[in-house]
Amino acid sequence: MNVIEYKCPNCGGGMVFDSEKGTLTCHSCGRQDNIEQSQDPLGQQTIQAGEVQEYHCTSCGAVIIADVDTAATTCNFCGSAVVLGDRLSGRLAPSLVIPFSISKEQATQAFKKWCRNGLLTPSGFMAANRIKGMTGVYVPFWLYELHNKVDAHGHATKVRTYTMGDYRYTETKHFDIYRGLRLNYLRVPIDASKKMDDKLMDRLEPFPYEQLKSFKTPYLAGYAAEKYSYTETDLLPRAKDKIRQYIEESISSSVSGYTTFHFTDRQIDTKMRNAEYCMVPVWMFQYDFNRKSYTFAMNGQTGKVVGKPPLSMGKVAAWFAGVTSFSFLALKLISWAMGGGFL
């Protein structure tokens, strides 16, 4: 069996993951099952990734339409929540999951509130009644453990000014400096789905890693899910680029007691000690405004919303004029305070 569905033992209805209760829930009779205490049916199957080309809903028998990266979806005919087991087994098996904690209703209200808070968006956009589509999706991420050996060479100066007799002297001493650092970064997140915009996913961070759980397929019931499109090796260069800024900041903060300093050479050797395959929760919104479609994403645990809304040129101009007037007034007050004039 490659299609996994969760049927209520009491009434036979479909069960889905309830983000508010944190349980596998039947909305027909109210039964709730603790996922952590239940056995994952995926562990009872012997599936080879990629062996199945066609899937059938076990409730109605219909063919399930899903592209090659989909790991969980719903049947287009009867609406049953299904998990495609062969796309989550073997080398495609996630080790961790951050479950949804924000329901569809909560996400809708939070998104509308976010839209209304847009100070520079058009008034019509702020009505937040143009949600064309909304999907809760588990996005595949690699969480990297990266160990870095850093050797940095540079030049620094110490400047001292003193007075002797009628003369004022400036003494500058020059130093060669070296810093050897060992920097380890845990759970550096990189999204592994080719469908998702990388910049959008980066802006959804941080994810609450204290909510990480061992992966079990019931968490996916009722949501869409994607399997990874890129391996941990494919995305290692992106992970290295992501931590580069923090490495540079660490190098700089390691130097103190000098008047000036700069590094002339840096050798950074980064080793991947581990990469964990994790599913993270994201609400995706498709929003129509003035015949254009806009995509927004919400962190399914924290409620953080990211995306690029349209701007009202009138509001932007008014804001710029206000800032300019405030700056002009501030300069004038400073000038008066110093006893001068300002034209």
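How many bridges join strand β3 to β4, and in which sense do the two run? The points below take up this pairing and then the strands around β14 in this predicted model.

1. Two bridges join β3, which spans residues 23–26, to β4, and the two strands run antiparallel. Within this pairing, Leu 24 is placed opposite Asp 33 of β4.

2. The β3–β4 pair belongs to an open sheet of three strands, ordered β2-β3-β4, with antiparallel pairing. Because β2 (15–18) and β4 (32–33) are at the edges and each has a single partner strand, one side of each is left without a neighbour in the sheet.

3. Strand β14 covers residues 260–289 and runs parallel to β9 (residues 96–97), to which it is joined by two bridges. Leu 96 has Cys 278 of β14 as its bridge partner.

4. Strand β10 (residues 131–164) is also joined to β14, here by 26 bridges and in the antiparallel sense. One position to inspect is His 147, which stands opposite Lys 271 in β14.

5. A further antiparallel pairing links β14 with β15 (residues 292–299) over eight bridges. Here Trp 283 is matched with Met 298, its bridge partner in β15.

6. The connection between β14 and β15 merits a separate remark. These two strands form a hairpin with two residues between them. In the turn, Asn 290 has a positive phi of about 50 degrees.

Key. Residues numbered from 1 in each chain as written. Predicted model: local features only at pLDDT ≥ 70, side-chain atom pairs only at ≥ 80, totals over all residues. Heavy atoms only, no water. Pairing = 2+ DSSP bridges. Helix = DSSP H or I, 4+ residues; strand = E, 2+ residues; numbered from the N terminus.
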